[in-house]
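Q: I've got a multi-chain model open and I'd like to learn how to read it. Where do we start?

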Amino acid sequence: MEWFNALLADNRIFTPNTIAFYWEGLVTTTQLVFLSLLVGLVLAVPLAIGRSSRHRWISLPIYVYTYVFRGTPLLIQLYIIYYGVVFFDGIQETFLWPMLREAFYPALIAFTLNTAAYTTEIFRGAIKATSRGEIEAARAYGMSPGLTMRRIILPSAFRRALPAYGNEVIFMLHASAIASVVTLMDLTGAARFVYARFYAPFEAFLFAAAIYLCLTFAILFFFRWLEKRLLAHLRPQSG
Amino acid sequence: MLDLHGYGPRLLEGAGVTIQLALLSLILSIILGLLTASAKMSRSWLLHKVATLYTTVIRGVPDLVLMMLLFFGGQMALNVLTDMIYDRFGVDWYVNLNAFAAGVITIGFIFGAYMGETFRGAFMAVDHGQIEAGKAYGMSPWLVFRRIRFPLMMRHALPGLSNNWMVLLKTTALVSVIGLTDMVRVAAEASRATHEPFTFLLPVAAVYLLIASLSEWLFVRLQKRYNVGFGEH
Amino acid sequence: MKKLLTVSLLGLAIAAGTAQARDYDHVRFGVDVPYEPMEYRDADGELTGFDIELGNALCAEIGVTCEWIEQEWDGIIPGLLARNYDAIMSSMTINDERRQTVLFSDPYITIPGAWFAPAGSEIEEINEEALADKSIGVQRGTTFDSYVTDNYGGVANISRYSTADDMVLDLQSQRLDLVFLEFIVGQVTLLENHEGEYQVVGEMVTEPEEYFGEGFGIAFRLRDEALAERFNEALATLKEDGTYDEIFERYFGEE
């Protein structure tokens with residue numbers, strides 16, 4: 001602990017004050033990523049089912065949505081929502097404004113719509129890959145299409161989607177770095193502040209990079225653990 | 001016709017910057033990716049470690065943070081170096097990273113790590129018998145690489161390559177944050193000045209979609225070409 | 001395709017060069033625009049403002065040509081160190097934090113900071129209580145940022161912007177309750193350009209010196225002492241012969 005104190009006393013950048021900035025940044029980043037992933041996930045399940053539908057009037061609009069949100073940079077989506085909401089006449093007088101005026105909610109909306117689009121496609125792929133045999137077995141058993149979806153297709157699709165979804169979570173964490181562009185003090189925002197105040201790019205950004213790296217590893221290990229548990233039955237039996 | 005308040009030409013210029021940036025970074029990332037893949041497959045312990053460190057760290061940190069680190073930090077490192085030369089020799093030698101160069105280098109560097117993983121997987125998937133056959137034919141290692149390993153590898157690498165390219169294309173938008181005047185920056189500036197965000201941001205989004213769709217079409221054709229001789233896959 | 005690549009490769013060519021430790025005959029200034037009336041573009045797109053005119057007059061006095069290079073605020077000192085330009089003349093407050101990285105000329109003007117809010121704002125004075133949970137806009141990395149962060153960071157929400165433009169837009173859209181910036185800049189950008197929509201809140205802020213220093217200075221690279229000295233001498237001359245007052249009055253009236 002002594003060397004740590006000495007280290008702190010010796011530098012002008014990592015004061016308790018700036019550490020507090022990074023800490024708040026970490027909290028903001030975590031909230032933003034966690035909430036957008038959660039809502040995105042909830043949206044993506046019905047969207048993926050709709051996207052797999054045989055009726056084009058259901059699947060086509062969802063396809064257009066995922067195509068647009070996956071085909072354009074998140075930064076543009078964020079700008080459109082952040083600057084766009086302001087120019088709806090009278091938005092400042094509505095009950096929504098107290099939320100929309102904070103940078104947090106426009107960012108949350110943009111991130112949620114973005115991750116929901118990617119997650120929808122991941123799930124759709126997983127649903128499509130369900131083996132015919134399983135579905136036929138369910139049908140032979142007299143299950144209704146709804147029940148088949150709930151009991152047979154979705155559970156196995158979720159498992160199949162797990163590795164790809166893990167990547168999406170990491171992508172979202174990294175993508176959230178642009179929140180600082182619309183004044184949010186997330187981890188990257190904290191780093192930009194420290195950089196601008198002390199002109200110390202290495203200290204400011206390396207510190208943030210190290211925290212992101214740790215978060216990435218934590219997510220990686222969590223999903224590996226989850227895969228091991230949920231996909232155990234798919235591994236070859238040994239001994 | 002869209003009324004672009006006189007921002008039309010600048011937007012077009014910005015689109016040019018975006019496309020050049022994307023293509024140059026793609027080339028750089030493919031070169032770095034091939035090097036990384038070879039390093040990872042090499043028997044040298046050190047090369048393997050360095051390549052693993054590179055791909056792990058790069059893929060664990062947000063693009064924007066790396067970009068700022070390399071752009072701001074890279075310049076500072078160069079300054080320290082050139083200041084030392086000035087103090088020692090009295091020669092004012094300077095190197096100036098412009099935002100475009102920094103953008104290409106950073107994006108290329110970041111996607112080199114992703115390309116490395118793609119290429120490694122693809123090289124591993126190449127049937128070893130084909131390489132043996134080439135060797136037995138008396139081909140030099142370089143010739144084996146050019147005639148056999150590379151074309152066969154590309155067949156496996158194309159889907160990953162296509163995916164990386166799509167992500168790379170969208171990543172170019174981030175350079176607007178470090179000060180390069182690409183089309184996103186022009187559009188954001190114009191939206192703020194005119195208070196009409198949709199007029200500028202939506203067309204720019206459409207340009208990205210257009211490029212993405214064109215690339216998709218191109219990759220499907222490439223895929224067909226590299227699959228010649230393998231039947232329909 | 002080939003042509004496109006050639007063109008981009010030219011653009012990529014990293015500017016590098018050498019020069020002997022030199023006597024400047026051409027000085028490049030870094031400046032963050034717009035910051036009316038200190039530095040901005042007039043209706044014809046010409047760069048103008050107090051800094052620009054004084055800078056040009058100083059160059060003329062010394063006998064060097066000068067050039068203005070635009071640079072966003074949060075990259076303005078790094079740009080100087082990277083030799084993108086040779087000096088910064090962009091309403092930069094002299095303070096100790098910056099002295100570690102750059103060399104300042106003598107102060108050439110002192111302008112207080114001030115708080116601006118929409119007309120009819122309920123905020124009447126500036127203290128921790130009044131600012132509790134308010135959203136305050138500042139430009140990232142400025143002395144105003146440091147001052148607000150250190151004094152009200154605990155109670156208020158502080159939004160940091162890369163340019164003054166973004167900040168004003170968010171004040172207009174009511175995302176911000178207050179902005180804190182140079183009085184004179186707020187006066188022109190908010191009070192004059194949007195008459196009746198904004199008001200000054202509380203007192204002008206000139207203290208403590210730790211933040212607001214001795215005023216604005218021209219910043220040079222630490223080693224360019226000779227150049228800074230030439231500018232200091234020229235500044236003294238211009239103040240004596242009345243040129244300085246003339247430029248001052250053109251922008252700020254008689255005060």
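A: Let's start with the nonpolar core, keeping in mind that this is a predicted model. The largest nonpolar core has 193 residues, and the members that touch the most others are Leu78(A), Ala208(A), Val65(B) and Ile136(C).

Q: Which helix gives this core its largest share?

A: That would be helix α4 of chain B, residues 99-125, which puts in 13 residues. Chain C joins in too: domain 1 and domain 2 of chain C each supply at least three residues to this core.

Q: How do I look at one core member up close? Say, which residues does Val65(B) touch?

A: List its contacts, leaving out residues up to four places away in sequence. For Val65(B) you get Ala177(A), Thr188(A), Ala191(A), Phe205(A), Ala208(A), Ala209(A) and Tyr212(A). Ala208(A) is also one of the core members that touch the most others.

Q: And the interface between chains A and B as a whole?

A: People often quote an interface's size as the accessible area lost when the parts come together. Here we'll count residues instead: 28 of chain A are in contact with 28 of chain B. On the chain A side, the elements giving two or more residues are α3 (56-71), α4 (74-84), α9 (187-198) and α10 (201-230). The top contributor is α10(A), with 10 residues.

Q: How many residues on that chain A side are nonpolar, polar or charged?

A: Split by class, it comes to 22 nonpolar, 6 polar and no charged.

Q: Does a database record help with chain A? What does the annotation cover?

A: The UniProt entry, which is unreviewed, carries "domain: ABC transmembrane type-1" over residues 26-223 of chain A. In the model that span is 79% helix and 0% strand, and its end C-alpha atoms lie 21 Å apart.

Q: Now chain C. How is it divided into domains?

A: Watch for a domain built from separate stretches of sequence. Domain 1 takes 26-110 + 214-252, and domain 2 takes 113-212. Their C-alpha centres lie 24 Å apart. Domain 1 puts 12 residues into the contact and domain 2 puts in 16. The domain 1 side has 6 nonpolar, 3 polar and 3 charged residues.

Q: How do I read a sheet in chain C? In what order do the strands run?

A: Walk across from edge to edge. This open sheet has 5 strands, ordered β5-β2-β6-β13-β7, with mixed pairing. Its edge strands, β5 (65-70) and β7 (102-104), each pair on one side only. Strand β2 (residues 26-31) runs parallel to β5(C), joined by 6 bridges. One to look up is His26(C), whose bridge partner in β5(C) is Thr65(C).

Methods:
Residues numbered from 1 in each chain as written. Chains lettered and ligands numbered in written order. Predicted model: local features only at pLDDT ≥ 70, side-chain atom pairs only at ≥ 80, totals over all residues. Domains from an automatic or database assignment. Contact = placed C-beta atoms within 7 Å. Nonpolar A, V, L, I, M, F, W, Y, C, P; charged D, E, K, R; others polar. Helix = DSSP H or I, 4+ residues; strand = E, 2+ residues; numbered from the N terminus. UniProt positions renumbered as here; feature names shortened; annotations may be inferred. Core = buried A, V, L, I, M, F, W, Y, C linked by C-beta atoms within 7 Å. Buried ≥ 20, exposed ≤ 12 C-beta atoms within 10 Å, placed from the backbone. Pairing = 2+ DSSP bridges.
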